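Good morning, and thank you for coming. I would like to take you through one structure, beginning with its side-chain contacts and ending with its overall form.

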Amino acid sequence: HSRLEARMQSESDLRDRVQTLEEQLYATRRDHEAALGKWENDKLDSERQLQRKDEIIGNLEKAISEKSMRTKELKHKVESLSMALKERESDLKESQRDLSRATDQLADCRSSAENAQSRITQLNTQINSLQDKIFDLTSHLRDEETAHASSREQHRTDA
């Protein structure tokens with residue numbers, strides 16, 4: 001009888017052991033499936049993040065390319081403006097030289113005008129002097145004509 005009990009106990013222990021192992025297997029399978037699901041979700045998240053990073057990198061590359069083009073355009077504009085500025089500086093220097101020449105010519109004209117005014121003053125002085133001499137000579141001639149006429153009249157009266 002005791003063998004039967006021992007055998008039944010052994011079967012019961014084996015059943016308990018099988019049930020425990022089945023529960024552990026189920027729990028392990030459940031944990032594995034949960035871990036696998038988490039891994040798959042993490043993988044999808046990683047793929048989405050990589051895709052987003054690729055989009056960001058693409059956008060950055062596009063922006064860099066656009067900035068590079070804009071920089072080239074601005075560099076070209078700066079070069080054009082620099083050339084135009086050099087031309088304006090050259091024009092300004094030429095204008096300054098023209099102004100300097102004109103200023104020198106104006107100074108020469110002013111000097112010539114002053115010399116001419118001085119000469120006019122000298123000539124006016126000479127003209128005035130000659131007019132005085134002419135007046136003196138005219139007066140002297142009148143005096144002589146008067147004296148000569150008076151002398152002829154005297155001769156006629158005497159004769």
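Let me begin with a definition: a helix here is a DSSP run of H or I at least four residues in length, and helices are numbered from the N terminus. Please also keep in mind that what you see is a predicted model.

With that term in place, consider R88 and D91. Their side chains meet in a salt bridge, with N to O at 3.9 Å. The cut-off matters in this case: a side-chain nitrogen of Lys or Arg has to be within 4 Å of a carboxyl oxygen of Asp or Glu. How far apart are R88 and D91 along helix α1? They are three residues apart, and therefore separated by about one helical turn. As for D91, its relative accessibility is 43%, so it counts as partly exposed.

I turn next to R97 and E94. These two residues form a salt bridge in which the closest N and O atoms are 2.8 Å apart. Both belong to helix α1, and again the spacing is three residues, about one turn of the helix. R97 has a relative accessibility of 42% and so counts as partly exposed. E94, at 35%, also counts as partly exposed.

A further pair is D98 and R101. Here the closest N and O atoms of the salt bridge are 2.2 Å apart. D98 and R101 are three residues apart in helix α1, which means about one helical turn lies between them. The relative accessibility of D98 is 38%, which makes it partly exposed, and R101 is partly exposed with a relative accessible area of 42%.

Which residues are joined with R97 in a network of salt bridges? They are E94, D98 and R101. For the structure as a whole, the count is eleven salt bridges.

Let me move from charged to nonpolar side chains. I56, L60 and I64 make a nonpolar surface patch of about 280 Å². L60 has its place in helix α1, which covers residues 2–158. With a relative accessibility of 49%, L60 counts as partly exposed, because that category ends at 50%.

Now to distances along the chain. N41 is located in helix α1 and is partly exposed, with a relative accessible area of 47%. How far is N41 from M83 in space? The separation is 62 Å from C-alpha to C-alpha, for 42 residues in sequence.

That brings me to the overall form. The secondary structure of the protein consists of one helix and zero strands. Its radius of gyration is 66 Å, whereas the globule rule gives 15 Å for 159 residues, so the protein is more spread out than a compact globule. Along the principal axes, the C-alpha trace spans about 225 × 20 × 15 Å.

What share of the 159 residues is buried? The figure is 0%. The protein exposes about 14900 Å², and carbon and sulfur atoms supply 55% of that area.

Finally, the charges. There are 28 positive and 33 negative side chains in the protein. The centres of these two sets lie 5 Å apart.

To close, I return to two points. The predicted model has one helix and zero strands, and E94, R97, D98 and R101 are linked within it by a network of salt bridges. Thank you for your attention.

Terms used: Residues numbered from 1 in each chain as written. Predicted model: local features only at pLDDT ≥ 70, side-chain atom pairs only at ≥ 80, totals over all residues. Heavy atoms only, no water. Patch = residues over 30% accessible without salt bridge, like charges linked within 9 Å, V, L, I, M, F, W, Y side chains within 5 Å. Areas by Shrake-Rupley, 256 points an atom, 1.4 Å probe, with all protein chains shown as cover. Helix = DSSP H or I, 4+ residues; strand = E, 2+ residues; numbered from the N terminus. Buried < 20%, exposed > 50% of the residue type's maximum accessible area, 1.4 Å probe, protein only. Rg over C-alpha atoms; globule rule 2.2 N^0.38 Å. Lys, Arg positive; Asp, Glu negative; His and termini not counted. Charge placed at Lys NZ, Arg CZ, Asp CG, Glu CD.
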